[in-house]
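Ready to find your way around a new structure? Work through the exercises below, and try each one yourself before reading the solution.

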Amino acid sequence: MFNKMTLRDVPPEKLKGRKVFVRVDFNVPIEDGVITNDKRIRAALPTINYLLDHGAKVVLCSHLDRPKGWDPKLSLKPVAERLSRLLEKEVKFVPDCIGEVAKEAVDSLEPGEVALLENVRFYPGETKNDPEFARQLAELAEIYVNDAFGTAHRKHASTYGITQFVELAVAGFLLEKEIKYLQKALENPERPLVLIIGGSKVSGKLEVIENLLTKVDKMLVGGGMAYTFLKAMGYQVGKSLVEDDLIPTAKRIMEEADQRGVKFYVPVDSNNADQFSETAHTKLTTYKEIPEDMMGLDIGPATVELFKEALSDAKTILWNGPMGVFEMEKFRFGTMAIGKIVAEHKEALRIVGGGDSVAAIEMLGLEHEIDHVSTGGGAFLQFLAGKELPAIVALTDKPAG
């Protein structure tokens with residue numbers, strides 16, 4: 001189980017008056033200076049409020065996008081303003097994240113006050129995990145809290161390097177929750193455990209599929225990657241996206257599933273298009289009849305029914321990746337239908353992660369029906385692939401006993 005220290009392991013009196021440096025994930029969409037989705041900011045509120053309630057001096061650190069040097073369009077200032085409204089108290093915005101400006105701003109904080117540092121990726125030392133840059137960040141911290149699951153797979157200065165220079169590095173409530181849900185699903189699941197996996201390419205999810213083949217009872221494959229499996233089964237898939245070099249791998253995966261007794265499902269019908277476009281002509285066919293001049297861009301209603309049946313006895317459901325070209329309204333049907341089925345299946349522990357799967361759940365207004373909607377994309381996948389997440393490895397171990 002989770003053998004790292006969390007905020008719960010720190011005696012509350014140890015927080016009072018201390019500088020607590022919290023790595024959050026405030027990488028939110030901003031258009032013309034306006035935040036269009038503040039879900040990631042809200043996700044960090046339990047940790048921030050807890051620290052403020054216990055009299056900590058809270059120093060928040062995040063990245064935003066992938067700037068090439070200093071870029072005013074990628075400043076975290078709008079985030080500080082939004083967070084002020086959510087917390088109903090002033091969030092002091094610090095126009096740097098290291099150096100005298102940052103040090104003075106942090107030193108002037110009173111217990112129960114909060115500051116947000118400028119975008120940590122304005123410095124190349126962040127992504128290079130530069131030890132000197134990490135040390136300068138650590139000068140602003142007495143206790144380090146990582147609450148940024150979305151960047152837990154990155155070995156960056158603010159997620160990994162900084163932990164070498166602080167006395168205590170612990171997981172915040174959000175990070176702890178993410179890990180506990182995923183561990184529950186993968187290490188001690190109620191069965192049947194069903195994986196729904198989609199997305200465009202097998203190569204992008206290969207490690208996840210191979211790792212979870214040893215753990216799941218059923219695997220449901222949709223999205224563009226399904227056509228590589230269909231072709232591996234000997235079917236013609238027209239102009240659909242296929243990774244020909246992975247056809248032998250796809251065959252091996254299906255054989256291994258069979259040997260392990262894992263039920264492996266691929267689409268039985270396909271919504272095909274004559275071009276990759278919202279204005280394309282479409283034709284629904286069975287998986288055996290995809291026209292040679294068309295490409296499959298979504299699963300059809302028969303596949304939705306098949307997948308619904310496969311999920312009917314599930315006790316744990318993991319969903320990552322869309323069932324079709326979700327960004328086009330014409331090819332969103334499969335993803336939305338699966339989202340509805342997952343949300344309505346209340347007998348199971350349901351965990352959804354990955355941009356399009358989460359977007360579908362939110363578009364349906366069903367995020368509150370899901371047991372856990374992950375805030376991590378790459379980190380979620382890396383965890384499902386059975387890999388260690390560097391930012392979690394770096395945290396302080398729980399004392400033995």
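**Exercise 1: A lysine in a loop**

Lys 73 counts as exposed, with 70% relative accessibility. Keep in mind that this is a predicted model. Your task: find where Lys 73 sits and how far its C-alpha atom is from that of Gly 33.

*Solution.* Start with the label: exposed means over 50% relative accessible area, and Lys 73 has 70%, so it qualifies. Next, look at its surroundings: Lys 73 belongs to the loop between strand E4 (57–61) and H3. Finally, pick the two C-alpha atoms: Lys 73 and Gly 33 are 40 residues apart along the chain, yet 7.4 Å separates them.

**Exercise 2: Positive phi without glycine**

Take Asp 32 and Glu 88. Say which loop holds each one, and decide whether each is buried or exposed.

*Solution.* Begin with Asp 32. Its phi is near 50°, a positive value in a residue other than glycine. You'll find Asp 32 in the loop between strand E2 (30–31) and strand E3 (34–35). Its relative accessible area is 82%, so Asp 32 is exposed.

Now do the same for Glu 88. Here phi is near 60°, again positive in a residue other than glycine. Glu 88 lies in the loop between helix H3 (77–87) and strand E5 (91–94). With a relative accessible area of 74%, Glu 88 is exposed.

**Exercise 3: Inside helix H9**

Work out how many residues of H9 are buried, then list what Thr 228 touches.

*Solution.* First, the helix: H9 covers residues 225–232, and seven of its eight residues are buried. Among them are Met 225, Tyr 227, Thr 228 and Phe 229.

Second, zoom in on Thr 228. Buried means under 20% relative accessible area, and Thr 228 has 2%, so it counts as buried. Leaving aside residues up to four places away in sequence, Thr 228 touches Val 202, Leu 241, Val 242, Glu 243, Leu 246, Ile 247 and Ala 250.

Last, step just past the helix: Gly 234 takes a positive phi of about 100°.

**Exercise 4: A six-stranded sheet**

Put the strands of the open, parallel sheet in order. Which strands stand at its edges, and which helices lie on it?

*Solution.* Go from one side to the other: the order is E11-E10-E9-E15-E16-E17. Strand E11 (263–265) and strand E17 (372–373) stand at the edges with a single partner strand each, so one side of each has no neighbour in the sheet.

Check the E11 end: strand E10 (residues 218–221) runs parallel to E11, joined by three bridges. Leu 220 stands opposite Tyr 265 in E11.

Then add the helices. Helix H7 (residues 173–187) packs on the sheet, touching strand E9 (193–197), strand E15 (316–320), strand E16 (349–353) and E17, and its direction makes about 120° with that of E16. Helix H13 (residues 355–363) lies across E15, E16 and E17, at about 115° to E16.

One more stop: Pro 192 is in the loop between H7 and E9. The peptide bond from Arg 191 to Pro 192 is cis, with omega near 5°.

**Exercise 5: An enclosed strand**

Why is strand E14 described as largely enclosed? Name the partner of Ala 273 in E14 too.

*Solution.* Count the residues of E14 (295–299): five of the five are buried, so the strand is largely enclosed by the rest of the structure. Now find its neighbour: strand E12 (residues 269–273) runs antiparallel to E14, with four bridges joining them. Ala 273 has Met 295 as its bridge partner in E14.

Key:
Residues numbered from 1 in each chain as written. Predicted model: local features only at pLDDT ≥ 70, side-chain atom pairs only at ≥ 80, totals over all residues. Heavy atoms only, no water. Buried < 20%, exposed > 50% of the residue type's maximum accessible area, 1.4 Å probe, protein only. Helix = DSSP H or I, 4+ residues; strand = E, 2+ residues; numbered from the N terminus. Pairing = 2+ DSSP bridges. Contact = heavy atoms within 4.5 Å. Axes fitted to C-alpha atoms, helices over the stretch in contact; angles between N-to-C directions.
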